[in-house]
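The following paragraphs lead the reader through a model, beginning with a bound molecule and moving outward to the surrounding strands and loops. Please keep the structure in view while reading.

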Amino acid sequence: MDGILNCTIGELEKIFENNGFPKYRAKQVFVWLYRFGSRAFDGMTNISRNMQNELSKMFYIYRPIIANVRHSSDGTIKFLFQLADLNTIETVFIPETRRNTICISTQVGCTVGCKFCNTGYNGFIRNLTAEEIISQFLAVKDYLKLWDSEKERLSNIVYMGMGEPLFNYENVLKSMQNLMYDENEGISRRRITLSTSGIAPVIEQLAKDLPCRLAISLHAPNDYIRSQIMPINNIYNIESILNTCKIYSNYHKYLKITFEYLLLKDINDTDECAHELIALLKPIHAKVNLIQFNQWKGCSFAPSKRAQRFSNILQKAGLEAPIRARRGVDIMAACGQLQSHGREERI
Ligand code: SAH
Ligand code: SF4
């Protein structure tokens with residue numbers, strides 16, 4: 001049996017045609033899956049009984065097991081999902097006044113190994129399949145009963161959980177295609193943000209395939225500092241990343257790129273660094289998101305106390321530079337704290 005969530009609309013149409021079903025039925029099934037959150041074929045009332053039965057023999061509709069749910073005092077909810085092979089991943093629901101965001105994972109672990117990141121520190125196990133990525137969104141909607149809620153929507157998706165999305169490109173692309181699918185109810189590309197450590201050639205590919213909002217994890221104003229905290233910089237350095245960002249923005253002017261900058265005490269938080277960052281990003285009118293470092297056991301970096309000052313310097317120079325609100329810190333749901341095995345250690 002195949003997982004139907006792994007199919008794009010085009011693939012499902014082909015399968016239907018090959019099995020003697022009308023092609024247009026694929027769209028109807030997609031609406032059931034992605035607009036109404038169907039978890040079985042037998043409730044798909046505009047499809048004949050016979051076809052419902054055939055579909056249940058051909059496909060399953062995937063959902064992970066909810067192994068744990070933790071609620072933060074600020075409303076953030078962290079889900080620990082168990083996959084079929086018993087690996088686990090984390091997904092975070094972040095309610096805000098005017099929108100609700102879900103932060104989803106794309107890999108079990110990560111190969112990139114940034115020095116400040118707990119996910120990277122724990123190594124890499126495997127890529128997630130498209131259905132495992134998509135079903136994080138669907139399972140959170142199931143859990144929070146958001147399928148027929150008039151006032152509450154799961155409106156935004158950030159690919160900022162565990163893993164480097166651009167190292168699992170095919171499946172990430174499929175997941176975005178499917179989640180965007182429904183023209184009226186689907187999530188628009190302006191509401192999907194993909195965060196990357198800067199895999200330059202794949203960013204260029206994304207610009208052609210399926211542009212969405214981009215967040216680049218820059219974290220340093222020069223290659224010397226960046227290579228120390230993000231070894232991937234030895235392969236894709238700042239210049240190569242900024243060049244692809246220019247191409248991306250030329251293709252898609254309306255999709256603003258943001259640069260994430262994690263402030264680490266005495267590493268990248270000096271006034272000098274702020275001025276270097278201005279020189280780097282001012283010419284491209286970039287927006288900077290300043291991130292506070294979330295500590296974890298075994299990591300020697302310390303959070304910076306200069307966030308406000310750093311932000312002021314950038315803003316005086318005309319760069320937008322808000323300090324990102326920390327959400328879900330009390331349940332270890334903040335950036336860089338997600339783990340694959342549910343072990344939770346605080347210092
Ligand atoms: N791999 C992608 C997306 C997942 S990480 C990327 O690196 O962009 C999401 C964000 O969390 C990145 O900006 C990352 O640099 C940041 N992050 C990692 N560890 C962190 C920590 N300990 N404290 C705060 N942010 C962290
Ligand atoms: Fe991977 Fe992103 Fe963590 Fe770096 S910050 S190790 S790219 S998940």
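A polar contact is a pair of N or O atoms within 3.5 Å; within protein, one atom must be able to donate a hydrogen and the other to accept it, and residues adjacent in sequence count only if both atoms are side-chain atoms. An oxygen atom of ligand 1 lies 2.5 Å from an N or O atom in the side chain of H219. The model is a predicted one, in which local features need pLDDT of at least 70 and side-chain atom pairs count only at pLDDT 80 or more, while totals for chains, interfaces and linings use all residues. Residues are numbered from 1 along each chain as its sequence is written, chains are lettered from A and ligands numbered from 1 in the order in which they are written, and side-chain values use heavy atoms, with hydrogens and water left out.

The surroundings of ligand 1 can be described further. An oxygen atom of ligand 1 is 2.6 Å from an N or O atom in the side chain of S217, and a nitrogen atom of ligand 1 is 2.9 Å from a polar backbone atom of G163. The protein covers 96% of the 530 Å² of accessible area that ligand 1 has on its own; such areas come from the Shrake-Rupley method with a 1.4 Å probe, and for residues only the protein chains shown count as cover. Around ligand 1 there are 20 residues, of which G163, S195, S217, H219 and N294 come nearest; a residue is near a molecule or strand if one of its heavy atoms lies within 4 Å of it. This shell divides into 8 nonpolar, 10 polar and 2 charged residues. In that classification, Ala, Val, Leu, Ile, Met, Phe, Trp, Tyr, Cys and Pro count as nonpolar, Asp, Glu, Lys and Arg as charged, and the others, Gly among them, as polar.

A second shell, around ligand 2, consists of C110, V112, G113, C114, F116, C117, G120, G163, E164 and S197. By class, it holds 5 nonpolar, 4 polar and 1 charged residues.

Which strands each supply at least two residues of the shell around ligand 1? They are β10 (192-196), β12 (257-263) and β13 (287-292). Strands (E, at least two residues) and helices (H or I, at least four) are DSSP runs, numbered from the N terminus. These three strands appear in an open sheet of 9 strands with mixed pairing and the order β3-β4-β5-β6-β9-β10-β11-β12-β13, where two strands pair if DSSP finds at least two bridges between them. At the edges stand β3 (65-71) and β13, each with a single partner strand, so one side of each is left without a neighbour in the sheet. From one strand to the next, the twist averages 20°, taken from axes that are lines fitted to C-alpha atoms (for helices over the stretch in contact), with angles running from 0 to 180 degrees between N-to-C directions.

Individual pairings fill in this arrangement. Strands β5 (residues 88-95) and β6 (residues 100-103) run antiparallel and are joined by 4 bridges, with I94 opposite T101 in β6. By contrast, β10 and β11 run parallel with 4 bridges, and L194 has L214 in β11 as its bridge partner. Another 4 bridges join β11 to β12, also in parallel; here S217 stands opposite E260 in β12. Between β12 and β13, which run parallel, there are 6 bridges, and T258 is partnered by K287 in β13.

Burial (under 20% relative accessible area is buried, over 50% exposed, in between partly exposed; 1.4 Å probe, protein chains only) adds to the picture. Because 4 of the 5 residues of strand β11 (residues 213-217) are buried, this strand is largely enclosed by the rest of the structure. In β12, 7 of its 7 residues are buried: I257, F259, Y261 and L263 point one way, and T258, E260 and L262 the other way.

Two loop residues show positive phi values. In D266, which is found in the loop between β12 and α10 (271-281), phi is near 60°, a positive value in a residue other than glycine. D266 is exposed, with a relative accessible area of 60%. H285, in the loop between α10 and β13, has phi near 50° and is exposed at 68% relative accessible area.

Elsewhere, R126 has its place in strand β8 (residues 124-127). Its side chain makes polar contacts with the side chain of D85 at 2.7 Å and with that of E132 at 3.0 Å.
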